[in-house]
Amino acid sequence: MPSRTADILLVEDSPHDVELALHALRQHCAETIVHVARDGEEALDYLFCRGSFDSRPFGLPRLVLLDLKLPKVDGIEVLEAIRSDPRTNAIPVVVLTSSKEQRDIAASYRLHVNSYIQKPVNFGEFQDTVRQLGFYWLVVNETPAAS
């Protein structure tokens, strides 16, 4: 049986934030498959089945949680690549970042991000935010059928 495409692509370079997000998702979205990309290049390779993912069957996550301050390829460039390709431009992308800089917020919305959230610094608030994001985008939100 072929492996299922991740429900969430978590693009995050902070090991601490990855662990917090995965813990929250495991507790509240147990059936959810999460693929973690630790830099922007890995995220794009995963999405477009290239590099170390060239043998992965093409399939899209239902949600991308995207940090902006990433090594190799930054989050704005990742968002731009997602939105510029017809295969990926409808994926919901939520920026989850520590940046509150207006230029980052404006650039994200110019590229049609679905939501921009500044990461809470409090452990419990961070976990609650991720839990709510998972619930909303994977359970409540309706998406078009795959074509």
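In which kind of crossing, left-handed or right-handed, does α1 pass α5? I began my notebook with this point, keeping in mind that the model I was looking at is a predicted one.

**Entry 1: α1 and α5.** I looked up the two helices and found that α1 passes α5 in a right-handed crossing. Helix α1 covers residues 15–28 and helix α5 covers residues 123–140, and the two pack at an angle of about 55° with their axes 9 Å apart. That angle makes α1 oblique to α5, because an angle has to be under 35 degrees to count as roughly parallel. I then listed who meets whom: from α1 the contact takes D17, L20, A21, H23, A24, L25 and H28, while α5 brings F123, F126, Q127, V130, R131 and G134. When I sorted the residues of this contact by type, they came out as 7 nonpolar, 4 polar and 2 charged.

**Entry 2: α2 and α3.** Next I turned to helix α2, residues 40–47, and helix α3, residues 75–84, which pack at an angle of about 15° with their axes 9 Å apart. This makes α2 roughly parallel to α3, and I noted that α2 passes α3 in a right-handed crossing. On the α2 side I wrote down G40, A43, L44 and L47, and these meet V78, A81 and I82 in α3. The residues of this contact divide into 6 nonpolar and 1 polar, with no charged residue among them.

**Entry 3: the cores.** I then asked which residues of the largest nonpolar core touch the most other members. Out of its 27 residues, the answer is L9, V11, V64, L66, V78 and V93. At least two residues of this core come from each of β1 (8–11), α2, β3 (63–66), α3, β4 (93–97) and α4 (102–110). I followed V11 further and, leaving aside its neighbours within four places in sequence, I found it in contact with A37, D39, A43, V64, L65, L66, D67 and L70. There is also a second, separate core of 19 residues, and V18, L20, A21 and L138 are among its members. Two of these names, L20 and A21, I had already written down for the contact of α1 with α5.

**Entry 4: S52.** Last, I wanted to know whether S52 is buried or exposed. This residue is found in the loop between α2 and β3, and its relative accessible area of 63% makes S52 exposed, since exposed means over 50%. I also compared S52 with E42, and I noted that the two are 10 residues apart in sequence and 8.5 Å apart in space, C-alpha to C-alpha.

Conventions. Residues numbered from 1 in each chain as written. Predicted model: local features only at pLDDT ≥ 70, side-chain atom pairs only at ≥ 80, totals over all residues. Heavy atoms only, no water. Axes fitted to C-alpha atoms, helices over the stretch in contact; angles between N-to-C directions. Helix = DSSP H or I, 4+ residues; strand = E, 2+ residues; numbered from the N terminus. Parallel < 35°, antiparallel > 145°, perpendicular 65-115°, else oblique. Left-handed = near helix turned anticlockwise from the far one by under 90°. Contact = heavy atoms within 4.5 Å. Nonpolar A, V, L, I, M, F, W, Y, C, P; charged D, E, K, R; others polar. Core = buried A, V, L, I, M, F, W, Y, C linked by side-chain atoms within 4.5 Å. Buried < 20%, exposed > 50% of the residue type's maximum accessible area, 1.4 Å probe, protein only.
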